[in-house]
Amino acid sequence: MSMFSKSEAVCPHCLRKIKLGDMKFFCVPDEDNRHEVKPSFMDKIKGRLPVCRRKFCKNHGLTIREAACRYCGEILPPQILFHDKFLSFCAVGVAGAGKSSYMTTLLHELKYSGLPWVLQAMDVETTQLSQQNEQHVYEERHCLQGTTAGISPKPQLWTILDNSKQSDKVPTYSLTIYDGAGEDCEHIDYTPLDAKVSRYLSGAKMLLIMFDPLLLPSVRAEISHETLNASMATERQTSAPANMVNMVNSLANYIRRACNIAPGKRIDRRAAVVLTKIDALTEMLNGFASDATILKQSPHIQSRAFVESDSEMIDLEIRDWLTRQGETAFLSAIDANFRDVRVFGVSSFGRPPDAYKRLAKVRPHRVLDPLMWFLAHEGIIPTI
Ligand SMILES: Nc1nc2c(ncn2[C@@H]2O[C@H](COP(=O)(O)OP(=O)(O)OP(=O)(O)O)[C@@H](O)[C@H]2O)c(=O)[nH]1
Ligand SMILES: [Mg+2]
Ligand SMILES: [Zn+2]
Ligand SMILES: [Zn+2]
């Protein structure tokens, strides 16, 4: 029986489906003696990684550890072939919406929330970026800098080992995250998009449309200046509120083009609309009721399942709240473009930063909810 997963692997860079024969393998005893190793006939039949057979090579007899995608040439971790599922999601939203803060706390929660999963970075870049962001937020307790625009983001590559299953073979999933610069997203309509970013967008299994409620005029009129200033990115002028509707429409049109979906047809890709920074909304009189579900602890983690009724309630509460803020156009734009959409509310930090952008103890609220929705859909956790 083949050791490789039965479902095809996906190259996280070019998003093409790949099998053993679509990868180039390299033996790297040292940089000067790097050489390609071709899988043997038996390797292909048995579905195993090739071994270096070169005479006098320091690594003779060892299984190779480096591979590259034959199509795009990017380096790939060979273990990608063993993954049982390929999960990828892409965060989009205007600059300062809170995407990178969200990803940082999401990964932290995934690692430490007591779920029976082990999270491992697949490459050095992912390790470095996550360590850097984690140190910034959790140790130095400071807000992150805005993501640099104009550079295609490297996807973060993670492996999830699922210890919840009682079988001999631990199921593994590859989790790919794209967190681009909001500035690039804002221009999605009229600048030719970087080919890579466009592939990520069209290849993602789930889109996270991150939406900053502090851009809404009704919210800005009600919450304090301190909270508002502390909760907005300072480096760039934040965009005009009306951009949210435009962004939804242009993003949708863009995905249609990339995926060959007829204009006007709803997109069936999963889309989680995520309202960020909900901690800042608690001071609003016209905000959520004090007994609202959205302010309660998320039940999914404890249940180790996706609690459908809780999620539906939150979707309703936020739609209701948006309607009261006069934002029906935004809701209509979402529903007109996406068929499979659910609204979520999260707070990455748990409360607003102070005037110097310093954070109190980080207490993320409901950040795992959108991911649990995704995992339930993929059959990784049950829905109850
Ligand atoms: N109150 C509050 N403010 C937040 C929260 N998360 C982020 N912010 C604020 O939003 C600012 C921008 O957050 P980022 O995560 O950098 O936003 P981004 O979407 O990655 O922005 P770009 O990289 O420029 O696209 C931060 O500097 C914080 O001031 C939150 O959970 N609560
Ligand atoms: Mg960012
Ligand atoms: Zn590739
Ligand atoms: Zn060798």
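**Reading a predicted fold, feature by feature**

Tutor: Let's start with a helix pair: the axes of H2 and helix H3 (residues 124-139) approach within 10 Å, crossing at roughly 95°. Keep in mind that this is a predicted model.

Student: Okay, how is the crossing of H2 and H3 described in words?

Tutor: Angles from 65 to 115 degrees count as roughly perpendicular. H2 and H3 are therefore roughly perpendicular to each other.

Student: Which residues make the contact between H2 and H3?

Tutor: On the H2 side you'll find Ser100, Ser101, Thr104, Leu107 and His108, and on the H3 side Ser130, Asn133, Glu134, Val137 and Tyr138. Sorted by class, the residues of this contact come out as three nonpolar, six polar and one charged.

Student: Let's turn to the ligand. Which residues come nearest to ligand 1?

Tutor: There are 26 residues around ligand 1, and the nearest are Ser100, Ser101, Gly146, Thr147 and Gly182. You've met two of those names already: Ser100 and Ser101 also take part in the contact of H2 with H3.

Student: Which helix gives the largest share of the shell around ligand 1?

Tutor: That's helix H2 (residues 99-112), which supplies three residues.

Student: And how does the shell around ligand 1 divide by class?

Tutor: You get eleven nonpolar, twelve polar and three charged residues.

Student: Zooming out, where are the domain bounds?

Tutor: Domain 1 covers 9-79 and domain 2 covers 83-377. Their C-alpha centres are 35 Å apart.

Student: How many residues of domain 1 and domain 2 are in contact?

Tutor: Seven residues of domain 1 touch ten residues of domain 2. On the domain 1 side, the split is six nonpolar, one polar and no charged.

Student: Now backbone angles. What is notable about the phi of Leu15?

Tutor: Leu15 isn't a glycine, yet its phi is positive, about 60°. You'll find Leu15 in the loop between strand S1 (9-10) and strand S2 (17-18).

Student: Is Leu15 buried or exposed?

Tutor: The cut-off for buried is 20 or more other C-beta atoms within 10 Å. Leu15 has 20 C-beta neighbours inside 10 Å, so Leu15 counts as buried.

Student: What about Lys277 and its phi?

Tutor: Lys277 is another non-glycine with a positive phi, about 55°. Lys277 sits in the loop between strand S12 (270-275) and helix H9 (300-303). Because Lys277 has 27 C-beta neighbours inside 10 Å, Lys277 counts as buried.

Student: Can we apply burial to a whole helix? Why is helix H12 said to be largely enclosed?

Tutor: Just tally residues: seven of the nine in helix H12 (residues 369-377) are buried, so H12 is largely enclosed by the rest of the structure. The buried ones are Asp369, Pro370, Leu371, Met372, Trp373, Phe374 and Leu375.

Student: What follows H12?

Tutor: Gly379 follows H12 and has a positive phi near 80°. Glu378 is in the segment after H12 too.

Student: How does Glu378 count in terms of exposure?

Tutor: Glu378 has 15 C-beta neighbours inside 10 Å, so Glu378 counts as partly exposed.

Student: Which residues is Glu378 in contact with, leaving aside neighbours within four places in sequence?

Tutor: Those are Lys85 and Leu87.

Student: And how far apart are Glu378 and Gly73?

Tutor: In sequence, Glu378 and Gly73 are 305 residues apart, and in space the C-alpha to C-alpha distance is 29 Å.

Technical notes. Residues are numbered from 1 along each chain as its sequence is written. Chains are lettered from A and ligands numbered from 1 in the order in which they are written. This is a predicted model: local features need pLDDT of at least 70, side-chain atom pairs count only at pLDDT 80 or more; totals for chains, interfaces and linings use all residues. Helices (H or I, at least four residues) and strands (E, at least two) are DSSP runs, numbered from the N terminus. A residue is buried if 20 or more other C-beta atoms lie within 10 Å of its own, exposed if 12 or fewer, and partly exposed in between; C-beta atoms are placed from the backbone. A residue is near a molecule or strand if its C-beta atom, placed from the backbone, lies within 6 Å of it. Ala, Val, Leu, Ile, Met, Phe, Trp, Tyr, Cys and Pro count as nonpolar, Asp, Glu, Lys and Arg as charged, and the others, Gly among them, as polar. Axes are lines fitted to C-alpha atoms, for helices over the stretch in contact, and angles run from 0 to 180 degrees between N-to-C directions. Angles under 35 degrees count as roughly parallel, over 145 as roughly antiparallel, 65 to 115 as roughly perpendicular and the rest as oblique. Two residues are in contact if their C-beta atoms, placed from the backbone, lie within 7 Å. Domain bounds come from an automatic or database domain assignment.
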